[in-house]
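Got the viewer open? Load the model below, keep the selection box handy, and let's walk through it stop by stop.

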Amino acid sequence: MAVGKEILTKIRSVQNTQKITKAMQMVSTSKMRKTQERMRLARPYAEKVRLVMSHLAQTHSDHGIKLLEPHRTMQRAGFILITTDKGLCGGLNANVLKKFLAQVQEYQEQGVAIDVVCLGSKGLAACQRIGLNVIASVTNLGDTPKMERLLGALTEIFQRYEKHQLDAIHLVYSGFINTMRQEPRMETLLPIGQNTMEGVSESKDYSWDYRYEPSPATVLEYLVRRYLESVVYQALSDNMASEQAARMVAMKAATDNAGNAIKELRLVYNKSRQAAITTELSEIVAGAAAV
């Protein structure tokens, strides 16, 4: 019965794994509701500030804000790459990295240098593995994103754009569509242009302008910063909701697969046990007949 003992050991091992995946599925289900609620609460502010920036992008006034100045050349591009800190969430990170690396390869073929800010350890590990220049990173973000932890890394990349050390900044993350579907997205944060006006439903047949108090420079400097930070925060909230949804689905699939494996192993165990019993009975009968 040595073979039978080995099969029983495998069954116990798969059962222990199934308990872990089931627990992770339940935890992800609970966290997913919280992350989705946080994502929905962050959207109204992000959409409103995006609407204001879309109006601002239609004006042609020179306000002297460096973050609003388009760069004429493309020599160096920056990326804000948002991934998860933990794995076991299906192909979520792989899909984001695939989209990110495709754009990086396109830039490199054009001779454009790349700087990356990584939010999440999976993206940081991937960038370090392929030798990209990581100028800042934030890992171990936890279940609740905190803006104060992101400010240092975001300030670094935005200041490089102001100093003309970067000519464009892209944001790459996983967009949450529903529990079963998440898609990798890439947006152009800077320069602020046509992508800012995507999804704005108001009429574009007329131009927009504002009165600024105390001065345009003071108001716009603050507004542009808040716009960029809110877009990054919203993307991070989307990515966290996508992570929990993807992990819940992946762990459910793993739990179901473990259940199927246990059934097959039990069937093999019963067959081997039955074969051993049959062999012993045959030996007993043969011995009795010989006597």
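**Stop 1: helix 3**

Select residues 121-130, which form helix 3, and colour its buried residues: G123, L124, A126 and C127. Buried here means under 20% relative accessible area, exposed means over 50%, and partly exposed is in between (1.4 Å probe, protein chains only). Those four sit on the same side of helix 3, because they cover an arc of only 165 degrees around the axis; the arc is that of the directions from the helix axis to the C-beta atoms. Now flip to the other side of helix 3, where Q128 and R129 are exposed.

What covers the buried residues of helix 3? Show strand 1, helix 2, strand 2 (113-119) and strand 3 (133-138), which are among the elements doing so. Just after helix 3, pick G131: its phi is positive, near 85 degrees.

A word on what you're looking at: this is a predicted model, in which local features need pLDDT of at least 70, side-chain atom pairs count only at pLDDT 80 or more, and totals for chains, interfaces and linings use all residues. Residues are numbered from 1 along each chain as its sequence is written, and side-chain values use heavy atoms, with hydrogens and water left out.

**Stop 2: zoom out**

Colour by secondary structure and you'll find five helices and five strands, running α-β-α-β-α-β-α-β-β-α along the sequence. The helices (H or I, at least four residues) and strands (E, at least two) are DSSP runs, numbered from the N terminus. Of the 291 residues in the chain, 42% are buried.

**Stop 3: T83**

Next, select T83 in the loop between strand 1 (76-82) and helix 2 (92-109). Is T83 buried or exposed? Buried, with a relative accessible area of 3%. Leaving out neighbours within four places in sequence, T83 is in contact (heavy atoms within 4.5 Å) with residues including N93, L97, S121, G123 and N239. Draw a distance from the T83 side chain to G123: a polar atom of that side chain lies 2.7 Å from the backbone nitrogen of G123. Then try L97, which is 14 residues from T83 in sequence and 8.4 Å away in space, C-alpha to C-alpha.

**Stop 4: D115**

Move on to D115 in strand 2, buried with a relative accessible area of 1%. Which side chain does the side chain of D115 make a polar contact with? That of N133, at 2.6 Å. A polar contact is a pair of N or O atoms within 3.5 Å; within protein, one must be able to donate a hydrogen and the other to accept it, and residues adjacent in sequence count only if both atoms are side-chain atoms. Not counting residues up to four places away in sequence, D115 also touches others, among them R76, F79, I135, R160 and L166.

**Stop 5: Q36**

Jump to helix 1 and select Q36. Q36 is buried, at 11% relative accessible area. Leaving aside residues up to four places away in sequence, Q36 touches F176, T179 and A241.

**Last look: helices 1 and 5**

Finish by showing helix 1 (2-58) and helix 5 (216-290) together: each supplies at least two residues of the lining of the second largest pocket. Helix 1 gives the largest share of that lining, seven residues.
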